[in-house]
Amino acid sequence: MPLAAVALCVAQSLSAEDAPAVSADAIQEPSAPTQPACQLHVWPGEDFHTVYYGWGHGGTVDGSQKGRAGYDRVLADPLSTARQARLLEAQPIAELLGLNSYEVTIHPDRLSSREIRTKAERHVVTSPPCYAELMIDTIVLQSHVLSGRGLNIVYRFRQFDSDPAPTRVFGTYVVEPLEIDLTDKAEPDPVVFTAELERAFNENLKEFAANVKTPRKKKK
């Protein structure tokens, strides 16, 4: 008998009982996407402000933008909320804060100062138990006749576990000196001015993150 015919006969003689059994464990349902163990949510701040303290006058918020005499001329919106969000996306924020396992989300819009200062619960309700928030409240270019110019940023950091209330809250301001010449006669070069503010913004964030990671002093 030809080999092909022999093979056909053998195949036909196999019964259903001879077929290999498929266990129920071998049939796996598609796994549902799991929520990351930890999340870090970051919000940019309010649009850029200025303040100046000089001899005999000063202290007006946004005096530069209002064209007040004696106030440095600045660009209209060098650190907008949208620009801050882009700068934050380029930084390894979780690593800077010592939260290496956290998944980071940069929000495009800011929170109001009232929300930042008064809201007790989480800003993202559907977050996992392991959750943290970094919020920028205010950004001010401050000029002082004695101490010079600096970028002053107010931050607030909160960390949660399974409890509704945060397990840690830390807020402060950080001032990064600005290395740029400004006058009250003409606006600065936009490329140079923007680049210096972005540099100061990034350095400011690193200093705040270092403060967050500094061990808290135990009360005596």
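The questions and answers below go through a predicted model of one protein.

Reader: How many helices and strands does the protein have?
Author: The model is predicted, and its elements are read from the N terminus on. They run α-β-β-α-α-β-α-β-β-β-α. The count is five helices and six strands.

Reader: What percentage of the residues of the protein count as buried?
Author: A residue counts as buried when its relative accessible area is under 20%. The protein has 220 residues, and the share of them that count as buried is 39%.

Reader: Among contacts between residues at least 6 apart in sequence, what percentage join residues at least 24 apart?
Author: The contacts in question leave out pairs that are less than 6 apart in sequence. Of those that remain, the share joining residues at least 24 apart is 67%.

Reader: Which element supplies the largest share of the largest nonpolar core?
Author: This core has 39 residues, and L40, I93, L97, L134, L151 and F201 touch the most other members. Elements that each supply at least two residues include β1 (38-43), α2 (81-89), β4 (130-144) and α5 (190-213). The largest share is eight residues, and it comes from α5.

Reader: Why might nonpolar residues gather like this?
Author: There is a general tendency in soluble globular proteins. Nonpolar side chains there tend to be buried together.

Reader: Which residues of the protein are in contact with L40, leaving aside its neighbours within four places in sequence?
Author: L40 is one of the core residues that touch the most other members. Some of its contacts are themselves on that list, including I93, L97 and L134. The full set is I93, A94, L97, L99, Y102, E103, V104, T105, A132, E133 and L134.

Reader: How many residues does the other core have?
Author: Another core lies apart from the largest one. Among its members are L111, V124, Y131 and M135. Its size is seven residues.

Reader: Are α2 and α5 parallel or oblique to each other?
Author: The axes of the two helices come within 11 Å and cross at roughly 55°. Angles under 35 degrees count as roughly parallel, and 65 to 115 as roughly perpendicular. The angle between α2 and α5 fits neither, so α2 is to α5 oblique.

Reader: How do the residues of the contact of α2 with α5 divide into nonpolar, polar and charged?
Author: From α2, the residues are R83, Q84, L87 and L88. They meet T194, E198, F201, N202 and L205 in α5. By kind, the division is four nonpolar, three polar and two charged.

Reader: Is N202 buried or exposed?
Author: N202 lies in helix α5. Not counting residues up to four places away in sequence, N202 touches L87 and Q91. Its relative accessibility is 17%, and the cut-off is under 20%, so N202 counts as buried.

Reader: Is S147 buried or exposed?
Author: S147 has its place in the loop between β4 and β5. The relative accessibility of S147 is 60%, and the cut-off is over 50%, so S147 counts as exposed.

Reader: How far apart in space are G59 and Q142, C-alpha to C-alpha?
Author: G59 sits in the loop between β2 (49-53) and α2. With a relative accessible area of 32%, G59 is partly exposed. G59 and Q142 are 83 residues apart in sequence, and in space their C-alpha to C-alpha distance is 9.6 Å.

Notes:
Residues are numbered from 1 along each chain as its sequence is written. This is a predicted model: local features need pLDDT of at least 70, side-chain atom pairs count only at pLDDT 80 or more; totals for chains, interfaces and linings use all residues. Side-chain values use heavy atoms; hydrogens and water are left out. A nonpolar core is a set of buried Ala, Val, Leu, Ile, Met, Phe, Trp, Tyr and Cys residues joined through side-chain atoms within 4.5 Å. Buried means under 20% relative accessible area, exposed over 50%, partly exposed in between (1.4 Å probe, protein chains only). Helices (H or I, at least four residues) and strands (E, at least two) are DSSP runs, numbered from the N terminus. Contact means heavy atoms within 4.5 Å. Axes are lines fitted to C-alpha atoms, for helices over the stretch in contact, and angles run from 0 to 180 degrees between N-to-C directions. Angles under 35 degrees count as roughly parallel, over 145 as roughly antiparallel, 65 to 115 as roughly perpendicular and the rest as oblique. Ala, Val, Leu, Ile, Met, Phe, Trp, Tyr, Cys and Pro count as nonpolar, Asp, Glu, Lys and Arg as charged, and the others, Gly among them, as polar.
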